[in-house]
Amino acid sequence: MEEVDVAPVLTNIPAASNGKHLGFAWGPGDILVYETLYKKSGPKGSSCSFIHETTKEDLPSKNKKSQFVSISKNYRSVIRASMEELRQVAVSTKDSKVATQYGNQLSILMAVELIWNLCEVLFIDSAPAGSLLLHLLDWVRLHKADVDEKAREVLQSESPAEHRDYWDVVVSYVLQGRLEEARQMLVKQATLQPAARNMYKLMDTLLSKMPFYNPAGTQTLSEFDVKWRHWHQEVTHCCQDNSFASNRHLELICKILVGDEDTLLEHKELLGTWYHFLVTRLLFCHPTVKPTELHFYAQSCMTIFLDLRSVPEPLDSILLAAFEYDIHQVIKDCSIALNNWWFVAHLTDLLDHCQLLQSHNLHFGSNLREFLLLEYASGLFTHHSLWQLAVDYFDHCPEFGRVCLELQIERVPLETERKALKVLRICEQRQMSEQVRSICKIMAMRALRNNRLGSALSWSIRAKDAAFATLISERFLQDYCTRGMFSDLDLIDNLGPAMLLSDRLTFLGKYREFHRLYGENRFREAAKLLLSLMMAKIAPRSFWMTLLTDALPLLAQKEVIFSADQTHELMLCLEELTSSVNSTAPGTDRPMQDEDIELTKVELLRLALARNLAMAIVKEGTVES
């Protein structure tokens, strides 16, 4: 439902003698009054204002009603555009079965637009007596457009007045109250019959004099009723004195103008439907019908028009419920008859904004509007591409919308990473933390199974899952030990604060930083970082030998990189590592595999550390002296 309120315009009244100001906030048809009191500035206090908000009138205003009618027409324009598109596709397709399917869908849309238009007239616009009939005439004309096609065919012929459908067009125009067009057609016939010119002139006068109510005019409904009755008496007099007895066509038109029921029923094929019969009967018998009287005439016309042996179609029952102003029955019958929730959900939403459904709540808490929107949105979630639209519908259901969204979002299949990011963005925008973690874990596990460590780490960080981030960091370190290089360097280099998620992830980020410093020949910084990784105990014990081995190139530099104290600390780490290996029970897995190679590394490290310690002591002693 689109927003219809506008920003209020503030109108301030000049200050009174007591220092008070009165302001008005003008909204669309509503007024919000408030009073402001200003304290004088000075030693006793600073300037401030007090606003007293009055109760805002919350009834639908005329301005709002026009906006709701405009919104309703926008809905109908979309429906009619879809109808036109379906019609074109149905005509262009060569497959008869497909054409039949399109035809069925077109019939459904035509019924939907017919019902919506009537609901717009009766409920949203809520036209009063006088205007009501004018709206109903427009409604019938819009949905009985075959007369226009037939009229074009007649007028494009060589001799329109002699065309076989000429009189059907004239009578159809009269039945729809399109008297000006009927007069223009009769002129063509009058030209061919000079002897009957006076008779045609009399009919033209009767048609031209028929009054139609003008809501924007100065004439009251009572004055219009008097004028219409006078005209009706004149037409009745012409029928009674057989003014058109010599021309059966003009006599027929005269009987229609009188509102003769038998004559109208003789032309069922031109009327087509009982509701067209209803509107025509009101036009020529009860033009000032009131909304409260409409249901009586509707029931009567449907009973008379339909064959007593036939059962009313679902569409007939829906329209009759509308004429009876039974909104909830209309919605109920439409929910049963139509093949999806789109129509009832959007119509109910609009009617709810018009405050026409306030008294109807469901037993389980949600109102009718929210229930139907939830049903429609849940259906959309099963569609492979329309599921994203459902999110907006859930957002506009204040009571159960979020709960339903949380349940539905977990069922969306995450076939691709792109789709997963869409779902994740939706959850993050709505602070759905549990769903965010769930999606990230699923994607992280999938990436890990496919050995895409960078993607797996990225998803685990988004999930803020420390345990999983630790596991993937271990895999990164194992991969480094195997290959001698890191994969996904861009990700590791730009971990930032995310590396604090777990100790192992912190170690991974810092260890990569050590390699970067070493590659930039910043040896002292690299050495300090390497030592801190070992002393802080965040490096896995199985990785200590790798760290110590990484220290060998630094120990081999001509310039002393590690100080005496730092070298001593490295020695302690090496001894702690070797002592733990020596204490491992025979026959068990040891932290250092392939003992010959590892023993060689230990000996090299001891020699390098001893050499560096000596050089460091000499250097530090020389500096002190």
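This is a short talk on one protein chain, from its overall make-up down to single residues.

Good morning. One caution before we start: this is a predicted model. Keep that in mind throughout.

Start with the whole chain. There are 625 residues, and 42% of them count as buried. The fold has 29 helices and 4 strands. The chain exposes about 34,000 Å². Carbon and sulfur atoms supply 53% of that area. Now the contacts. Take those with a sequence separation of 6 or more: 60% of them join residues 24 or more positions apart.

Next, the core. In soluble globular proteins, nonpolar side chains tend to be buried together. Here the largest nonpolar core has 176 residues. Which of them touch the most other members? Five residues: Leu136, Trp139, Leu186, Trp274 and Phe323. Helix H2 gives the most to this core, with 11 residues. The core also draws on two domains, taking at least three residues from each. Domain 1 covers 137–289, and domain 2 covers 542–581 + 591–624.

Look at Trp274 in more detail. Set aside its neighbours within four places in sequence. Trp274 then contacts Ala298, Cys301, Met302, Phe305 and Leu306, along with Asp316, Leu319, Leu320 and Phe323. Phe323 is itself one of the five core residues I just listed.

Stay in that part of the sequence for Ser317. Ser317 sits in helix H14, residues 314–323. Its relative accessibility is 33%, so Ser317 counts as partly exposed. Beyond four places in sequence, Ser317 touches Pro312 and Asp333. Compare the position of Met302, one of the Trp274 contacts. Ser317 and Met302 are 15 residues apart along the chain, and their C-alpha atoms are separated by 9.9 Å.

Now helix H5, residues 166–175. How many of its 10 residues are buried? The count is 9, so this helix is mostly covered. The buried set includes Tyr166, Trp167, Tyr173 and Leu175. Val169, Val170, Val171 and Val174 are buried too. So is Ser172.

Ser172 deserves a moment. Its relative accessible area is 10%, under the 20% cut-off, and therefore Ser172 is buried. Leaving aside neighbours within four places in sequence, Ser172 contacts Val147 and Leu270.

Step into the loop between H5 and H6. There we find Gln176. Is Gln176 buried or exposed? Buried, with a relative accessible area of 2%. Where does its side chain reach? To the backbone oxygen of Lys144, at 3.2 Å. Gln176 also touches Leu137, Arg141, Val147, His276 and Leu283, as well as Lys144 itself, not counting residues up to four places away in sequence. Val147 turned up a moment ago, as a contact of Ser172. H5 is followed by Gly177, which has a positive phi, near 75 degrees.

Last topic: charges. A search of the whole structure finds 23 salt bridges. I will show three.

Begin with Glu113 and Arg76. Their closest N and O atoms are 2.8 Å apart. Glu113 lies in helix H2, residues 96–124, and Arg76 in helix H1, residues 62–92, so the pair ties together parts that are 37 residues apart in sequence. Both Glu113 and Arg76 are buried. They also belong to a network of salt bridges, which links Arg76, Arg80, Glu113 and Glu120.

Next, Arg141 and Asp138. This salt bridge is 3.6 Å, N to O. The two residues are 3 apart in helix H3, residues 131–143, so about one helical turn separates them. Arg141 is partly exposed, at a relative accessible area of 25%. Asp138 is partly exposed as well, at 44%. Recall that Arg141 is also one of the residues touched by Gln176.

Finally, Arg183 and Glu180. Here the closest N and O atoms are 3.0 Å apart. Both residues lie in helix H6, residues 179–192, and they are 3 residues apart, about one turn of the helix. Glu180 has 46% relative accessibility, so Glu180 counts as partly exposed.

To recap: a nonpolar core of 176 residues, a mostly covered H5, a buried Gln176 in the loop after it, and 23 salt bridges. Over to you for discussion.

Notes:
Residues are numbered from 1 along each chain as its sequence is written. This is a predicted model: local features need pLDDT of at least 70, side-chain atom pairs count only at pLDDT 80 or more; totals for chains, interfaces and linings use all residues. Side-chain values use heavy atoms; hydrogens and water are left out. Buried means under 20% relative accessible area, exposed over 50%, partly exposed in between (1.4 Å probe, protein chains only). A salt bridge is a side-chain nitrogen of Lys or Arg within 4 Å of a carboxyl oxygen of Asp or Glu. A nonpolar core is a set of buried Ala, Val, Leu, Ile, Met, Phe, Trp, Tyr and Cys residues joined through side-chain atoms within 4.5 Å. Domain bounds come from an automatic or database domain assignment. Contact means heavy atoms within 4.5 Å. A polar contact is a pair of N or O atoms within 3.5 Å; within protein, one must be able to donate a hydrogen and the other to accept it, and residues adjacent in sequence count only if both atoms are side-chain atoms. Accessible areas come from the Shrake-Rupley method with a 1.4 Å probe; for residues, only the protein chains shown count as cover.
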